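Open the model in your viewer and keep the sequence panel visible. The stops below are given as selections to make one after another.

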Amino acid sequence: MFHRIVALPGGRRAKWVVLVAWIALLVPAFSLAGMLGSVQKNDISAWLPSSSESARFLAAAQKFEAGDTMPTIVVYARSSGLTPADLKKVNADAVLFQHVPDVTGQVQLPLVSDDLKAVATVVPVRVGESGWTGIAKVVDALNAIAGKDSGGLVSHVTGPGGYASDSGKAFGDADLLMIIAVLVVVAILLFTYRSPTLWLLPVITAVVAVFASEAVIAVLAKYAGIVVNSQSSFILSVLVFGAATDYALLLVARYREELRLHVDRHDAMAAALRRSGPAIIASAATVAVSLLVLMLATLNSTSGLGPVCAVGIVVALLAMMTLMPALLVICGRWIFWPVRPAFGSLPPAREGIWARVGKLVARKPRLTWIGTAVVLGSFALGMVGLHAEGIPQDDQFTKVTEAVAGEQLQTQHFPAGAGNPICVVVNSSTSDQVRLTLSLLPTIATVVQLDAKDGKAFVMATPRAASDSPESLATARQVRDVVHGIKGAEAEVGGGSAITLDMQDGAARDSLVVIPAILLVVLAILVLLLRSIVAPLVLVGTVVLSFAATMGISTVVFDHVFHFGGMDAAFPLQAFTFLVALGVDYNIFLVTRVREESRRLGTRRGALTGLTATGGVISSAGLVLAGTFAAMASLPMVFAAELGFTVAVGVLIDTFVVRSVLVTALTLDLGEAMWWPRRVRTETPGPEVGRELAYIGASVTAAPLEAQER
């Protein structure tokens with residue numbers, strides 16, 4: 001039943017039904033995908049742990065205007081000193097700022113620096129449901145006002161609002177990212193297929209999968225409560241495009257093999273789907289379930305990423321198991337031009353690079369896997385320098401943005417913590433005591449009460465240290481300790497460094513809980529798929545070793561080559577999820593083929609034949625996925641560059657070292673024990689294989705081993 005269902009999309013009539021169905025689905029999908037930006041949640045709560053004190057602070061502060069605002073700082077400077085005309089302009093600008101849409105509350109009076117060379121105006125901007133998008137519009141308006149008739153007075157918009165605007169604009173470059181990713185994939189497919197036509201089908205199907213997945217996510221976000229933000233949205237498009245193309249490569253490779261064994265291309269596609277389908281489905285299921293485990297995370301940005309990307313993987317799988325086979329069968333053998341796989345023709349010579357790699361590994365498999373493991377372990381030592389404690393604000397981008405330039409001006413002339421305060425909501429009856437207590441702390445510069453309403457007071461404390469510095473995080477902990485000790489205050493502390501603190505604490509907890517859960521889930525899936533204990537343990541162990549080596553390399557490169565300012569607190573967990581899930585993908589493709597071949601040839605020959613048969617296509621798939629993620633570096637954000645680099649390097653290590661050398665050597669060394677507690681029995685060719693041999697006739701007798709493999 002399963003085989004019949006899987007083979008349906010390549011049927012004589014079914015292929016047209018599938019094509020028409022996808023065309024009908026794409027009509028609403030294009031418009032629904034355009035809704036994705038409008039249903040995103042990019043406010044602070046979309047990133048924080050739901051149970052954190054900062055989240056409780058946001059809920060308590062909703063009754064105050066200041067609770068729904070983000071301080072945005074307009075900094076002016078003149079190196080020779082401010083003039084009376086400068087001060088007149090700054091004051092006039094402050095009046096104009098008040099009338100900009102989404103500027104709420106009272107624009108603070110311009111503050112002149114002690115050196116009389118700079119002046120800053122704090123503008124409270126309403127965050128609202130539009131998040132970064134709305135703030136970016138306000139920042140553009142503030143910039144236009146500040147830059148008009150400046151007379152040489154330099155101005156920049158910075159502070160939390162300025163950085164939110166820059167982040168939104170950076171994520172807005174996702175269209176450029178997809179163009180670069182498509183060009184990279186097209187180049188790799190042209191090299192892989194050496195055909196001017198065949199690459200079109202995987203790319204078209206992958207693009208369809210991206211639009212379809214975005215449409216599904218938009219609907220789920222609007223009607224089912226799934227949370228999607230700018231980060232998960234752009235990762236979705238990269239992951240779906242790369243994974244879909246990978247599945248296409250595997251299907252096309254098997255279909256090409258079957259075309260040489262079947263007169264009718266429909267029969268060839270049915271056989272290809274039956275034989276490659278289980279591995280592709282198992283691989284997609286492993287990735288999707290691993291991503292769903294992210295829902296155990298407390299960080300909303302991480303837990304929301306899981307279901308968003310899992311849905312994308314499922315849509316990519318459906319597209320590649322239905323639309324792609326239909327297109328291939330509709331086009332016929334000519335799509336492979338200039339080298340068409342004619343019925344009865346011999347496949348390309350197997351004595352290629354992967355056959356030679358297999359022979360080298362087979363000489364001394366134990367020495368090979370031990371040596372490879374030692375080398376990967378030495379790379380993993382680079383993790384000693386791993387510090388995922390967040391990226392400082394002025395290091396979040398790979399170039400100097402508006403907000404970064406503004407902060408550089410601000411720190412030259414004003415206290416480091418100005419403009420990004422720690423905020424406290426307390427019972428009004430204790431507000432005086434809270435203000436007095438905070439003002440006595442040596443790490444706090446100023447304390448003011450902004451508002452009081454319904455028995456609650458909104459207090460703002462400005463730390464002396466920069467909001468993302470270790471000193472400021474320590475100040476946030478200290479503030480929480482002292483205000484929680486005030487009887488009857490019922491204080492909730494948020495804002496500034498308190499948010500950073502909660503995100504770091506949440507990320508540390510998530511890593512401890514989610515990483516073991518992902519490993520257990522992946523191990524369980526592999527046990528069910530392979531019906532073995534040893535093989536799943538081997539595959540999971542090699543992927544973990546690959547992840548450690550990748551993180552070690554990335555840490556060294558980020559610190560000493562790119563000189564990045566740090567790693568996001570959630571980065572290790574997200575990198576682990578993608579690398580483990582995608583790394584197991586390639587191991588599944590290899591080991592399922594090895595097990596298939598082992599039934600005919602025994603484990604030793606099966607391991608070498610499986611490596612030779614899958615080496616080319618898995619290498620191409622690895623290059624495609626690595627190239628897709630590497631395209632993320634086109635976004636001017638350190639987080640995107642780090643994630644893209646790490647996943648790309650990890651995929652390449654999995655493809656060319658772990659799968660081809662380490663797993664193959666371990667399989668050869670373990671032999672039949674690899675499949676324990678089951679035994680892989682060597683089978684003789686059945687009636688179906690016999691009929692295929694009869695069809696091919698003399699051409700197959702010239703290569704009896706190839707015929708036996710089929």
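Select Asp-102, in the loop between α4 (84–97) and β2; helices (H or I, at least four residues) and strands (E, at least two) are DSSP runs, numbered from the N terminus. Asp-102 has a positive phi of about 75° and is not a glycine. Its relative accessibility is 33%, so Asp-102 counts as partly exposed (buried is under 20% relative accessible area, exposed over 50%, partly exposed in between, with a 1.4 Å probe and protein chains only).

This is a predicted model, in which local features need pLDDT of at least 70, side-chain atom pairs count only at pLDDT 80 or more, and totals for chains, interfaces and linings use all residues. Residues are numbered from 1 along each chain as its sequence is written, and side-chain values use heavy atoms, with hydrogens and water left out.

Next, select the sheet. Its four strands form an open sheet in the order β2-β3-β1-β4, with antiparallel pairing (two strands pair if DSSP finds at least two bridges between them). At the edges are β2 (111–112) and β4 (154–158), each paired on one side only. Five bridges join β1 (residues 69–77) to β4 in the antiparallel sense, and Ile-73 stands opposite Thr-158 in β4.

Add helix α6 (residues 159–171), which lies across β1 and β4 and runs at about 95° to β1 (angles run from 0 to 180 degrees between N-to-C directions, and axes are lines fitted to C-alpha atoms, for helices over the stretch in contact). Then add α14 (residues 402–413), which packs on the sheet and touches β1, β3 (118–126) and β4 (contact means heavy atoms within 4.5 Å).

Move to α10 (residues 265–292) and α19 (residues 571–601), which pack at about 165° with axes 9 Å apart. That angle makes α10 roughly antiparallel to α19 (angles over 145 degrees count as roughly antiparallel, under 35 as roughly parallel, 65 to 115 as roughly perpendicular and the rest as oblique). To view the contact, select residues including Ala-279, Ile-280 and Val-287 in α10, and Phe-578, Leu-582 and Ile-588 in α19.

Just before α19, which residue has a positive phi although it is not a glycine? Select His-563, in the loop between α18 (534–560) and α19; its phi is about 55°. At 58% relative accessibility, His-563 counts as exposed.

Finish with two cis peptide bonds. Trp-337 to Pro-338 has omega near 15°, and Pro-338 lies in the loop between α11 (300–331) and α12 (353–363). Trp-676 to Pro-677 has omega near 10°, with Pro-677 in the loop between α21 (638–670) and α22 (687–696).
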